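Good morning, and thank you for coming. Please take a moment to look at the sequence and the structure on the screen before I begin.

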Amino acid sequence: MRGGGPYATSPSTRPASLIPTNQGHELRYLTFRVDGTTRAGVTIGDGDVQVLDLGRALGEDFSSVRKIIEMGPEAWDRVRTAQSRPPTEAVLDLESLRLLAPIPNPIRIRDCTLFTDHIEPALRAMARRRAEEAADPEAEYQRMIDSGQYDLPEILRKQFVYYNSDHLSISGPDETITAPPTSHSIDYELEFAAVLGRGGTDIPEARASAHIFGFMIFNDWSARDVQSEVMKSTLGPAEGKDFDGSNTFGPFLVTADEVGDAYQLGMRALVNGEEWSRGNSASMAYSFEFAIAHLSRGKHLHAGDVLGSGTVASGCAFELGRFLHDGDEVELQVDRLGSLRNTVRYR
């Protein structure tokens, strides 16, 4: 990608991550419910069919993925050792567990516009829907486009922008996503997210990759009809993205070393088994490293902070002129990160 801020660093020249080398074992963290309690685990064996209950293997301090991240590299090394020699009494079958978001209680979520080629088509789609209310929709649409208000904002040619998401509105794999009462047009957004393993202030971009613990799929749900109206205020999406379960993560939090090059990941969205969206993280205009450097200027980032990538091009139904209906199953797939499924419901 281009220099001057957007991603330009090749994988071979990025600083080594804080995460130890994987020593031949895939390290995929997950959070699950069993016997009425919430637990943290990692997958073991081939095919992600078994899970090591970390609290049972290493003590209750290891029952929260967020807490494990905050404990730092020594704790992560203990997890890897336990994964390589799992105690039998702490091994569970994955299929028997109810998976939650890998981090069901993030301290903060910032969703960033690291993909910019999604923005202008989405703005044009918004103009198209607003123009439908006019007596002559085509003429109104052309007038709106000619105004320039639905072009890619100039600021996004210079830097990414972001908004703070509700860190209490978290959902996980296989959960039902219910549209807010005011919406009849809920939509998926095909994204992934970086989770910080170490905080800091004024973090140089050249060293920012050492602050990334891992990555997970992120579905940033939107109530499009509500969002289209409230964004006329120019104050952001507001309640268009602010409803129960509107931030879905999962199924795993995969450590950075296991993911490898995060800027060569295929991304897909399927609705009822039909592919609607396809993209690749190689199209990101800005990197997570650039975002970390920017966000830490004069303010502190924390271990466990979640940074969303923003939506890949074609990565939502709105952009495609399509709609989700009651009972539709949405599945997001990202290479190395797994598959995240949810069902949509309207009230």
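**A walk through the model**

Proline 251 lies in strand β15, which covers residues 247-255. I should say at once that this is a predicted model. Proline 251 is my starting point on account of its backbone: a cis peptide bond joins glycine 250 and proline 251, with omega at about -5°.

Let me stay with the backbone for a moment. Aspartate 35 has a phi near 55°, a positive value in a residue other than glycine. Where does aspartate 35 sit? Its place is in the loop between β1 and β2, the latter being residues 37-44. With a relative accessible area of 72%, aspartate 35 is exposed, since the cut-off for that word is over 50%. Asparagine 272 also has a positive phi, near 50°, and is likewise a residue other than glycine. Asparagine 272 is found in the loop between β16, residues 266-271, and β17, residues 274-280.

**Two helices**

I turn now to the helices, beginning with α3. Helix α3 has twelve residues, 73-84, and at 1.5 Å a residue these should span 16 Å. The C-alpha atoms at its ends are 17 Å apart, which agrees with that expectation. Which residues of α3 are buried? They are Ala75, Trp76, Val79, Arg80, Ala82 and Gln83. When one looks down the axis of α3, these buried residues fall within an arc of 165°, so they line one face of the helix.

Helix α4 can be examined in a similar way. It runs over residues 119-131, 13 residues in all. From its first C-alpha to its last, α4 reaches 18 Å, close to the 18 Å expected at 1.5 Å a residue. The buried residues of α4 are Ile119, Ala122, Leu123, Ala125, Met126, Ala127, Arg129, Arg130 and Ala131. Please keep Arg129 in mind, for we shall meet this residue again in the lining of a cavity.

**Aromatic pairs**

My next topic is the aromatic rings. A pair of aromatic rings is described by the distance of the centres and the angle of the planes. How many aromatic pairs does the model contain? The count comes to eleven. One of them is formed by tyrosine 29 and phenylalanine 213, whose ring centres are 5.4 Å apart and whose planes stand at 55°, a tilted arrangement. This pair links distant parts of the chain: tyrosine 29 is in strand β1, residues 28-34, while phenylalanine 213 is in strand β13, residues 212-220, and the two are 184 residues apart. Tyrosine 29 counts as buried, at 1% relative accessibility. Phenylalanine 213 is buried as well, with a relative accessible area of 1%.

Another tilted pair consists of phenylalanine 192 and phenylalanine 215, at 6.0 Å centre to centre and 45° between the planes. Phenylalanine 192 lies in strand β11, residues 190-196, and phenylalanine 215 lies in strand β13, so the pair ties together parts that are 23 residues apart in sequence. Phenylalanine 192 is buried, with a relative accessible area of 0%, and phenylalanine 215 is buried at 4%. In addition, Phe160, Tyr162, Tyr286 and Phe290 form one aromatic cluster.

**A cavity**

What does a search of the whole structure for cavities of 30 Å³ or more find? It finds one. The largest cavity has a volume of about 40 Å³. Its lining is made by Arg129, Ser185, Ile186, Asp187, Arg224, Ala317, Phe318, Arg322, Phe323 and Leu324. Two elements, β10 (186-187) and α9 (317-320), each supply at least two residues of this lining. By character, the lining residues divide into five nonpolar, one polar and four charged.

**Sequence and space**

I close with two residues that sit in loops. Tyrosine 188 has its place in the loop between β10 and β11, and it is buried, with a relative accessible area of 0%. Its C-alpha atom is separated by 6.5 Å from that of serine 222, although the two residues are 34 residues apart along the chain. Leucine 168, by contrast, is exposed, with a relative accessible area of 69%. Leucine 168 is found in the loop between β7, residues 162-165, and β8, residues 170-171. From C-alpha to C-alpha, leucine 168 and glycine 72 are 24 Å apart in space, and they are 96 residues apart in sequence.

Thank you for your attention.

Conventions:
Residues numbered from 1 in each chain as written. Predicted model: local features only at pLDDT ≥ 70, side-chain atom pairs only at ≥ 80, totals over all residues. Heavy atoms only, no water. Helix = DSSP H or I, 4+ residues; strand = E, 2+ residues; numbered from the N terminus. Expected span 1.5 Å × (residues − 1). Buried < 20%, exposed > 50% of the residue type's maximum accessible area, 1.4 Å probe, protein only. Arc of directions from axis to C-beta. 1 Å grid on protein atoms, 1.4 Å probe; cavity = no way out; pocket = protein on both sides within 12 Å on 5 of 7 lines; lining within 4 Å. Points joined across faces, edges and corners; volume = space filled by probe spheres on them. Nonpolar A, V, L, I, M, F, W, Y, C, P; charged D, E, K, R; others polar. Phe/Tyr/Trp six-rings, centres within 6.5 Å; stacked < 30°, edge-to-face > 60°.
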